[in-house]
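Me: I would like a close look at a single part of this model, taken slowly and with the numbers kept in view. Please start from a charged pair and then follow the helix that carries the pair into its surroundings.

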Amino acid sequence: MPKELTKAERFKRLLQQDSRYESEAYNFIYEALDYTKKYVINKKERKDEHVTGRELLEGFRLFSINQFGLLAQTVLNEWGI
């Protein structure tokens, strides 16, 4: 049975396999997804971590604004997201 990779190892492998984006952009996506899951679960008081496409986009939007304020669109454009 193969050894399961750590988060850091999976992140490093992702960067090696797909270098289209800066590591900060990939990290932002992971953090935005975590934020979205917490936001949706808390808002809707539900236990499953599945989110709809609309919820995912709204979570990313809110997380972007939370992290970068008025520069959110500029930062995401710079990263190509």
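Reply: Arg61 and Glu58 both belong to helix α3, where they sit 3 residues apart, or about one turn of the helix. An α-helix has 3.6 residues a turn, so residues three or four places apart point the same way. The model is a predicted one, and in it Arg61 forms a salt bridge with Glu58, with 2.9 Å between the closest N and O atoms. Both partners are partly exposed, Arg61 at 42% relative accessibility and Glu58 with a relative accessible area of 28%. Side chains of opposite charge can pair when their charged atoms come close.

The count of salt bridges comes to 2, and the pair in α3 has its counterpart between Arg20 and Asp18, where the closest N and O atoms are 2.5 Å apart. In that pair Arg20 counts as exposed, at 62% relative accessibility, whereas Asp18 is buried, with a relative accessible area of 18%, a value that falls under the 20% limit for burial.

Returning to α3, Leu56 also lies in this helix and is partly exposed, its relative accessible area being 27%. Once residues up to four places away in sequence are set aside, Leu56 touches Leu33, Thr36 and Val51. Leu56 and Ala32 are separated by 24 residues in sequence, yet their C-alpha atoms are 8.7 Å apart in space.

Ser64, another residue of α3, is buried, with a relative accessible area of 5%. Not counting residues up to four places away in sequence, Ser64 touches Phe28, Gly69, Ala72 and Leu76. Seen from Leu76, with neighbours within four places in sequence left aside, the contacts are Phe28, Ser64 and Ile81, so that Phe28 appears in the contact lists of both Ser64 and Leu76.

Those contacts lead to the largest nonpolar core, which has 8 residues: Ala25, Phe28, Ala32, Phe60, Phe63, Val75, Leu76 and Trp79. At least two residues of this core come from each of α2 (23-44), α3 (53-68) and α4 (72-79). In soluble globular proteins, nonpolar side chains tend to be buried together.

The contribution of α4 can be followed around its axis. Ala72, Val75, Leu76 and Trp79 are the buried residues in α4, and because they fall within an arc of 95 degrees when seen down the axis, they line one face of the helix. On the other side of α4, Gln73, Thr74 and Glu78 are exposed. After α4 comes Gly80, with a positive phi near 80 degrees.

One further feature involves α2, the helix that shares the core with α3 and α4. The largest pocket holds about 200 Å³ of space, and its lining is made by Lys7, Arg10, Phe11, Asn27, Tyr30 and Asp34. The elements giving two or more residues to that lining are α1 (7-17) and α2.

Taken together, α3 carries the salt bridge between Arg61 and Glu58, holds the buried Ser64 and supplies at least two residues to the largest nonpolar core.

Methods
Residues are numbered from 1 along each chain as its sequence is written. This is a predicted model: local features need pLDDT of at least 70, side-chain atom pairs count only at pLDDT 80 or more; totals for chains, interfaces and linings use all residues. Side-chain values use heavy atoms; hydrogens and water are left out. A nonpolar core is a set of buried Ala, Val, Leu, Ile, Met, Phe, Trp, Tyr and Cys residues joined through side-chain atoms within 4.5 Å. Buried means under 20% relative accessible area, exposed over 50%, partly exposed in between (1.4 Å probe, protein chains only). Helices (H or I, at least four residues) and strands (E, at least two) are DSSP runs, numbered from the N terminus. Contact means heavy atoms within 4.5 Å. A salt bridge is a side-chain nitrogen of Lys or Arg within 4 Å of a carboxyl oxygen of Asp or Glu. The arc is that of the directions from the helix axis to the C-beta atoms. On a 1 Å grid over the protein atoms alone, a cavity is a set of points where a 1.4 Å probe fits but cannot get out, and a pocket is an open set with protein on both sides within 12 Å along at least five of seven lines; lining residues have an atom within 4 Å of a point. Grid points are joined across faces, edges and corners, and a volume is the space filled by probe spheres set on the points.
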